[in-house]
Amino acid sequence: MSNVKKIGVLTSGGDAPGMNAAIRAVVRTAIHNNIHVTGIKRGYDGLLNGEFMDLDASSVSSIMYRGGTVLLTARCPEMMTEEGQKKAANIYKVLGLDALVVIGGDGSLHGAQALMKFGVNVMGIPGTIDLDLDCTDYTIGFDTAVNTGMEAINRIRDTSCSHERCSIVEVMGRNAGFIALWCGITGGSEEILIPEKPDINNDSVVKQILQNRSLGKTHNLVIVAEGVGGSQELAEHIESVTGIQTRATILGHLQRGGVPTAIDRMHASMMGYNTVKALIEGKINRVMVYRDGKYDDLDLNEALDCKREYDNTLYEISKILAI
Ligand code: ADP
Ligand code: F6P
């Protein structure tokens, strides 16, 4: 018999498509194992301000198909203070929770790590479109965000082709270039600017575009990661130096919404299920990861210390495929 009788679940930081499937999996796996679930609204903000709701099996029906998070999410400055963390830990104890499941990105997991120091049993589930957690090969929301970016690029390509223009598309990703690399390869771009590769600059982009035009390309596509930014300035630079009409489109929050893909629903369902299973096995203060094709749980401190070297392979392949 498991000692876990009551758990809390919250979503925090930037929302990500698939978070609802993770909530559903946590709730249903818990209920299947006679564990009570308290939903905490608006992330750490709701924990500090008493925004709780009991979740039963039916309260999570028909949510998996929707983007965003039904628990709502927030960024909570109070959690960055020791006072706020102590207050949150105390509320957790008053609520009688045996564990708190945190679904969110790097910041949210650091919040969980802080709570751990004040006696809260935490479990993390990686949820962010950015894929910027080095401990895992997958974060919930990435696939949907890339698909949304790719579809937007398809549309931009149509008009770019008709007008024989150069199109710059800026995609999200905070300080990471994963969304840009995937959108670049799946959208067929000629150049990808990412924070991990500062050697690609406005002048090298111009050189690449002119070379491609001389080889017969009649329109161009360049992807810029949010962490590099400056896409409007890049468009103006290209147009002034080359005379090629250039337009910049910043996809922004468009990429955070939308119906989650099967990949996101699947990872979210497996991660939610495996998180509750791990709790039942007596594991605490861990984060669920997907590595080398398998789900696993890692010690939260060690997971947040993981550092992944930048691998240039995807960029190199994108250049070969763009000739
Ligand atoms: P994400 O989880 O998507 O990376 P943020 O970085 O904005 O999003 O973090 C979400 C929230 O997690 C923050 O608003 C804050 O409440 C909490 N948080 C982030 N970093 C820390 C930290 N070092 N200590 C405590 N709480 C943190
Ligand atoms: O972390 C997800 C993300 O969408 C990043 O790609 C982006 O930098 C950030 O959140 C935007 O945050 P906000 O919704 O607060 O503008």
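1. Let's start with the charged pairs: this structure holds 12 salt bridges. Keep in mind while looking through them that the model is a predicted one. I've picked out a few of the pairs below, then moved on to the two ligands and some odds and ends.

2. The pair I'd look at before the others is arginine 256 with aspartate 15, whose side chains meet in a salt bridge at 2.6 Å, N to O. The two partners come from distant parts of the chain, 241 residues apart. Arginine 256 sits in the loop between strand S9 (246-250) and helix H9 (262-280), while aspartate 15 belongs to the loop between strand S1 (6-11) and helix H1 (19-32). Both arginine 256 and aspartate 15 are buried.

3. Arginine 256 turns up again at ligand 2. One of its polar side-chain atoms lies 2.7 Å from an oxygen atom of that ligand. So which other residues are around ligand 2? Besides Arg256, the list has Arg75, Thr128, Ile129, Asp130, Met172, Gly173, Arg174, Glu226 and His253. By type, this shell divides into two nonpolar, three polar and five charged residues.

4. Two further contacts to ligand 2 deserve a glance. Histidine 253 puts a polar side-chain atom 2.9 Å from an oxygen atom of the ligand. With glycine 173 the backbone does the work: an N or O atom there lies 3.1 Å from a ligand 2 oxygen. On its own ligand 2 has 400 Å² of accessible area, and the protein covers 76% of that.

5. Now for ligand 1, which is surrounded by 16 residues. Which of them are the closest? Those are Arg75, Cys76, Gly105, Gly107 and Ser108. Arg75 is also listed around ligand 2, so have a look at that residue with both ligands displayed. The shell of ligand 1 splits into four nonpolar, nine polar and three charged residues. Helix H4 (residues 106-116) is the top contributor to this shell, giving five residues.

6. The polar contacts of ligand 1 are easy to find on screen. Serine 108 has a side-chain N or O atom 2.5 Å from an oxygen atom of the ligand. A polar backbone atom of cysteine 76 is 2.7 Å from a ligand 1 oxygen, and for a polar backbone atom of glycine 105 the distance is 3.0 Å. Ligand 1 exposes 560 Å² when taken alone, of which the protein buries 82%.

7. Aspartate 130 is worth a point of its own. Listed among the residues around ligand 2, aspartate 130 has its place in the loop between strand S5 (122-126) and helix H5 (142-163). Is aspartate 130 buried or exposed? It counts as buried, because its relative accessible area is 8%, below the 20% cut-off. The C-alpha atoms of aspartate 130 and glycine 105 are separated by 8.4 Å, with their positions 25 residues apart along the chain. Glycine 105, remember, is one of the closest residues to ligand 1.

8. Back to salt bridges, this time within a helix. Glutamate 82 pairs with lysine 86, and their closest N and O atoms are 3.5 Å apart. The two are four residues apart in helix H3 (residues 82-95), so about one helical turn separates them. Lysine 86 is partly exposed, at 44% relative accessible area.

9. Lysine 283 and glutamate 281 form another salt bridge, at 3.9 Å from N to O. Lysine 283 is partly exposed at 29%, whereas glutamate 281, at 56% relative accessibility, counts as exposed. The pair is part of something wider: salt bridges with shared partners join Glu281, Lys283, Arg286 and Asp297 into one network.

10. Histidine 219 is found in the loop between helix H7 (202-214) and strand S8 (220-225). Its relative accessibility of 17% is why it counts as buried, the limit being 20%. The side chain of histidine 219 makes a polar contact with that of arginine 157, at 3.3 Å.

11. Last, a look at the surface. Ile317, Ile320 and Leu321 make a nonpolar patch of about 310 Å². Isoleucine 320 has its place in helix H11 (residues 313-321). At 58% relative accessibility, isoleucine 320 counts as exposed.

Terms used
Residues are numbered from 1 along each chain as its sequence is written. Chains are lettered from A and ligands numbered from 1 in the order in which they are written. This is a predicted model: local features need pLDDT of at least 70, side-chain atom pairs count only at pLDDT 80 or more; totals for chains, interfaces and linings use all residues. Side-chain values use heavy atoms; hydrogens and water are left out. A residue is near a molecule or strand if one of its heavy atoms lies within 4 Å of it. A polar contact is a pair of N or O atoms within 3.5 Å; within protein, one must be able to donate a hydrogen and the other to accept it, and residues adjacent in sequence count only if both atoms are side-chain atoms. Accessible areas come from the Shrake-Rupley method with a 1.4 Å probe; for residues, only the protein chains shown count as cover. Ala, Val, Leu, Ile, Met, Phe, Trp, Tyr, Cys and Pro count as nonpolar, Asp, Glu, Lys and Arg as charged, and the others, Gly among them, as polar. Patches are made of residues with over 30% relative accessible area and no salt bridge: like charges are joined within 9 Å, nonpolar side chains (Val, Leu, Ile, Met, Phe, Trp, Tyr) within 5 Å. A salt bridge is a side-chain nitrogen of Lys or Arg within 4 Å of a carboxyl oxygen of Asp or Glu. Buried means under 20% relative accessible area, exposed over 50%, partly exposed in between (1.4 Å probe, protein chains only).
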